[in-house]
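Let's take a walk through this one together, starting with the whole chain and ending at a single spot. Have a look at the picture before reading on.

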Amino acid sequence: MPVLKVISFKICPFVQRITALLEAKKTPYVVEYINLKEKPQWFLDISPNGQVPLLVTEKEEVLFESEAIAEYIEEAYPALQPDLSLVQRAQNRAWGYLGSKNYMPQCGAQSSSDGETLRERTMKIATAFAKVEKVLGGAEFFNSDTVSTVDMTWLPLLHRTQIIKEKTGYDFAHGYPKVQNWRAALMKTGLCEKSISEDFMTPFANFYLSESTVLGRMHAKGLSCESNASNLEEVCKQQGCSDILLGKVCKKQGCC
């Protein structure tokens with residue numbers, strides 16, 4: 001029986017948004033991974049913009065752009081929040097867009113080669129966290145005690161902040177307790193792990209936790225101190241690892 005196919009790059013947050021939504025809906029699907037550096041011709045033939053994700057429907061129809069794909073999945077399969085009004089649905093789309101438009105800024109922040117760049121890029125992402133912090137209430141998730149399309153759109157962002165926090169001690173969501181609680185709730189659902197490949201951490205670490213990034217050098221030297229944009233320089237100075245922030249490799253082992 002034909003099932004949905006997601007065409008993906010393993011560490012793409014736009015793809016994880018789609019697979020997380022499918023997992024939340026318990027909709028069967030398969031994933032085919034490609035190498036974005038060597039895009040196969042068959043992929044270029046069916047992808048108007050040459051980007052992932054693509055969704056191939058059961059009828060072999062091809063959809064592109066994550067916003068359009070997510071909208072299709074929400075309408076074609078049982079809704080996560082079926083009783084929403086038109087206004088509430090529009091509000092969900094708007095809050096979801098605020099999350100997805102920060103995917104690329106987060107990728108840039110994780111790739112920062114020096115401390116000042118990491119701080120500046122963290123602050124840009126923080127503007128989104130500050131906005132959503134104001135509207136998060138007492139519900140377990142974004143606006144209810146069950147997951148919504150908004151939760152699935154923010155999941156890639158929050159999942160990556162959790163990974164970075166666990167590997168380096170650096171928290172992109174520092175100062176936003178409601179966002180941190182939301183992140184914890186999403187992590188408990190298991191959807192983060194279900195929506196990525198089994199070997200996700202290998203390409204993720206190769207890309208974002210390499211010696212060329214501040215976060216990668218922190219990880220390589222075993223730093224686990226709690227740090228954030230406001231205290232990173234002070235923490236590294238106290239531990240004698242300021243070279244990490246200058247784009248250099250710290251030679252001191254076990255700084256923390």
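How many helices and how many strands are there in the protein? Keep in mind that you're looking at a predicted model. Counting along the chain gives twelve helices and four strands.

Now for the overall build. Laid along its principal axes, the protein has C-alpha atoms that fill a box of roughly 60 × 45 × 25 Å. Is that a compact globule or something else? The radius of gyration helps here: a compact globule of 256 residues would come in near 18 Å, and the protein has 19 Å, so the two agree.

What about the inside? Of the 256 residues, 48% are buried. Contacts tell you how the chain comes together: take those between residues at least 6 apart in sequence, and 69% of them join residues at least 24 apart.

Moving to the outside, the accessible surface adds up to about 12800 Å², and carbon and sulfur atoms account for 52% of that. As for charge, the protein carries 29 positive and 30 negative charges, and their mean positions sit 5 Å apart.

Finally, let's zoom in on alanine 90. You'll find alanine 90 in helix α4, which covers residues 86-100. Is alanine 90 buried, exposed or in between? Its relative accessible area is 33%, and because buried means under 20% and exposed means over 50%, alanine 90 counts as partly exposed. Follow the chain 13 residues from alanine 90 to tyrosine 103, and the C-alpha atoms of the two are separated by 21 Å.

Note on methods: Residues are numbered from 1 along each chain as its sequence is written. This is a predicted model: local features need pLDDT of at least 70, side-chain atom pairs count only at pLDDT 80 or more; totals for chains, interfaces and linings use all residues. Side-chain values use heavy atoms; hydrogens and water are left out. Helices (H or I, at least four residues) and strands (E, at least two) are DSSP runs, numbered from the N terminus. Buried means under 20% relative accessible area, exposed over 50%, partly exposed in between (1.4 Å probe, protein chains only). The radius of gyration is taken over C-alpha atoms; the globule rule is 2.2 Å times the number of residues to the power 0.38. Contact means heavy atoms within 4.5 Å. Accessible areas come from the Shrake-Rupley method with a 1.4 Å probe; for residues, only the protein chains shown count as cover. Lys and Arg count as positive and Asp and Glu as negative; His and the chain ends are not counted. The place of a charge is taken as NZ of Lys, CZ of Arg, CG of Asp or CD of Glu.
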